[in-house]
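Please read the briefing below alongside the sequence and the coordinates. It begins with the overall fold and then moves to pairings between side chains and to single residues.

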Amino acid sequence: QVQLVESGGGLVQPGGSLRLSCAASATMISLKVMGWYRQAPGEERELVATITSDGVTNYSESAKGRYTISRDSANNKVYLQMNILKPEDTAVYYCNARYGAGCKFADWGQGTQVTVSS
């Protein structure tokens with residue numbers, strides 16, 4: 001069972017930055033792809049960025065140029081550096097991972113709240 005714990009959220013000013021962290025309790029499990037999602041109030045959860053075990057990244061249109069995803073594969077951690085934050089970035093941010101031969105999807109964690117406001 002892969003468990004995910006997100007951290008690093010908080011209140012920031014527009015134009016500011018945050019770095020989110022996700023720790024995956026996945027001993028002896030290979031995480032093929034890790035990613036970040038977000039869910040704003042009243043909206044569907046959306047994919048923000050992904051990174052493969054080889055370091056190949058993919059970003060949503062809103063994230064590209066402002067967000068950077070990275071991972072520490074040895075410790076099963078994934079990070080999201082968010083710059084030039086906007087009020088519309090306000091959401092609960094979640095991480096997730098695909099793992100194993102069947103490319104399974106992990107259970108959701110509790111997420112971490114990001115609020116961008118002046």
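Read from the N terminus, the protein chain follows the pattern β-β-β-β-β-β-β-β-β-β-β, with 0 helices and 11 strands, where helices (H or I, at least four residues) and strands (E, at least two) are DSSP runs numbered from the N terminus. The model is predicted, and local features need pLDDT of at least 70 while side-chain atom pairs count only at pLDDT 80 or more, although totals for chains, interfaces and linings use all residues. Residues are numbered from 1 along each chain as its sequence is written, and side-chain values use heavy atoms, with hydrogens and water left out.

**Overall dimensions and packing**

- The protein chain has a radius of gyration of 14 Å, which agrees with the value near 13 Å for a compact globule of 118 residues; the radius is taken over C-alpha atoms, and the globule rule is 2.2 Å times the number of residues to the power 0.38.
- Along its principal axes, the C-alpha trace of the protein chain spans about 45 × 25 × 20 Å.
- Buried residues make up 42% of the 118 residues in the protein chain, where buried means under 20% relative accessible area, exposed over 50% and partly exposed in between (1.4 Å probe, protein chains only).
- Of the contacts in the protein chain with a separation of 6 or more, 54% come from residues 24 or more positions apart, a contact being heavy atoms within 4.5 Å.
- The accessible surface of the protein chain comes to about 6,300 Å², of which 48% belongs to carbon and sulfur atoms; accessible areas come from the Shrake-Rupley method with a 1.4 Å probe, and for residues only the protein chains shown count as cover.

**Salt bridges**

- Side chains of opposite charge can pair when their charged atoms come close.
- A search of the whole structure finds 3 salt bridges, each defined as a side-chain nitrogen of Lys or Arg within 4 Å of a carboxyl oxygen of Asp or Glu.
- R38 pairs with E46, their closest N and O atoms being 2.8 Å apart; R38 counts as buried at 7% relative accessibility, whereas E46 is partly exposed, with a relative accessible area of 34%.
- R38 also forms a salt bridge with D89 (2.9 Å, N to O), a pair that links distant parts of the chain, since R38 lies in strand β4 and D89 in the loop between β8 (77-82) and β9 (91-99), 51 residues apart.
- R66 and D89 meet in a salt bridge as well (2.7 Å, N to O), with R66 in the loop between β6 (57-59) and β7 (67-72) and 23 residues separating the two; both R66 and D89 are buried.
- Taken together, R38, E46, R66 and D89 are linked in a network of salt bridges.

**Cysteines**

- The structure holds 1 disulfide, defined as a pair of cysteine sulfur atoms within 2.5 Å, and this bond joins C22 to C95 (S to S 1.8 Å).
- That disulfide connects strand β3, which holds C22, with strand β9, which holds C95, 73 residues apart, and both cysteines are buried.
- The torsion about the S-S bond of C22 and C95 is about 50 degrees, so the disulfide is right-handed.
- The sulfur of C103 lies 16 Å from the closest cysteine sulfur, in C95, and is therefore too far for a bond; C103 is partly exposed, with a relative accessible area of 31%.

**I29 and its surroundings**

- I29 is found in the loop between β3 (18-25) and β4 (31-39), and at 24% relative accessibility I29 counts as partly exposed.
- Not counting residues up to four places away in sequence, I29 touches V2, N76 and Y99; the C-alpha atoms of I29 and Y99, 70 residues apart along the chain, are separated by 7.0 Å.
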